[in-house]
Amino acid sequence: MSCPRCLSTSISKRKHRTALGYRTFCCRDCSRRFNERSATPFNDLQFPTDIVLLAVLWRLRYKLGFRDVAELLSQRGFEVSYETIRVWEFKFAPLVSENLRSKRRGVAGNPWYLDETYIKVSGRWRYLYRAVDREGNLLDSMLSENTDKHAARRFLRRLIDSAGRKPLRMTTDKHPTYTKAIRWIVGRKVLHRHNQYLNNRIEQNHRGIKQRYYPMLGFAKFESASRFCSAFDLTLSNVSS
């Protein structure tokens, strides 16, 4: 651990703890006092970090609304409003996504299966690009307003960046945007198969997000839909594996 002000590692542990029980320290170089959560996104929270992350996990993993999560926390002695749960999801769901995405870097199997499904946002259909490997492990997902060559290229760049390498084989449906996008981003050495039945693996994998999405009756904003879908997919895939 280092000092959040001067980054010095010359620190001493203090006897006192914070009101939430976190250890406190003092920097020997700049005399700055800090605790375990200083310089983290959780520093200003009035609740323990594990409780906040548990609430976000409940919201992502199970078919629970904001009021349902607040009620569950109330039964455990934590009085939280449903608006607070909404703020926690807004702030910390992307952190959960990035953490889970980094753990999957370099472990993607072969081949890759790509497909898109539909999500209703503000009363209009949007397109959720998703990709899994042979074992059914999610590689990445991306919500897009359109389904064209530009969206396909963005998803492929993001997919390769998340996986840390290019695949040997890729399977898609017969959507024409995939062929040119794969040649442009991945290259001509990859074996691209486009067949409706070969892609059943990813089409069956859409059930998870569909079952979670239906009780919500759609999303009000594109940003919130993108944030939730990405975090939900990665959380579900991590729990399942």
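**A tour from the central hairpin outwards**

Begin by selecting residues 112–121 and 124–132 in this predicted model, where strand β4 and strand β5 pair in the antiparallel sense over nine bridges. If you then pick out Lys-120, you can look across to β5 and find Trp-125, which is the bridge partner of Lys-120.

Next, widen the selection to the whole sheet to which these strands belong, an open sheet of five strands with mixed pairing, and follow the order β6-β5-β4-β7-β8 from one side to the other. Colour β6 (138–144) and β8 (191–194) separately, because these two strands stand at the edges, where each has a single partner strand and one side is therefore left without a neighbour in the sheet. As you rotate the view, notice that neighbouring strands of this sheet are turned by 25 degrees against each other on average, with direction ignored.

Now add residues 176–185, which form helix α5, and you will see this helix lying across β4, β5, β7 (169–172) and β8, while running at about 170 degrees to β8.

Then move to residues 11–17 and 23–27, which are strand β1 and strand β2, two antiparallel strands joined by four bridges. Here Ser-12 has Cys-26 of β2 as its bridge partner, and among the residues of the hairpin of β1 and β2, which has five residues between the strands, you can select Gly-21, which takes a positive phi near 95 degrees.

Finally, zoom out and colour the chain by its division into domain 1 (1–40), domain 2 (49–104) and domain 3 (112–235). The centres of domain 1 and domain 3, taken over C-alpha atoms, are separated by 43 Å.

Key. Residues numbered from 1 in each chain as written. Predicted model: local features only at pLDDT ≥ 70, side-chain atom pairs only at ≥ 80, totals over all residues. Heavy atoms only, no water. Domains from an automatic or database assignment. Pairing = 2+ DSSP bridges. Axes fitted to C-alpha atoms, helices over the stretch in contact; angles between N-to-C directions. Contact = heavy atoms within 4.5 Å.
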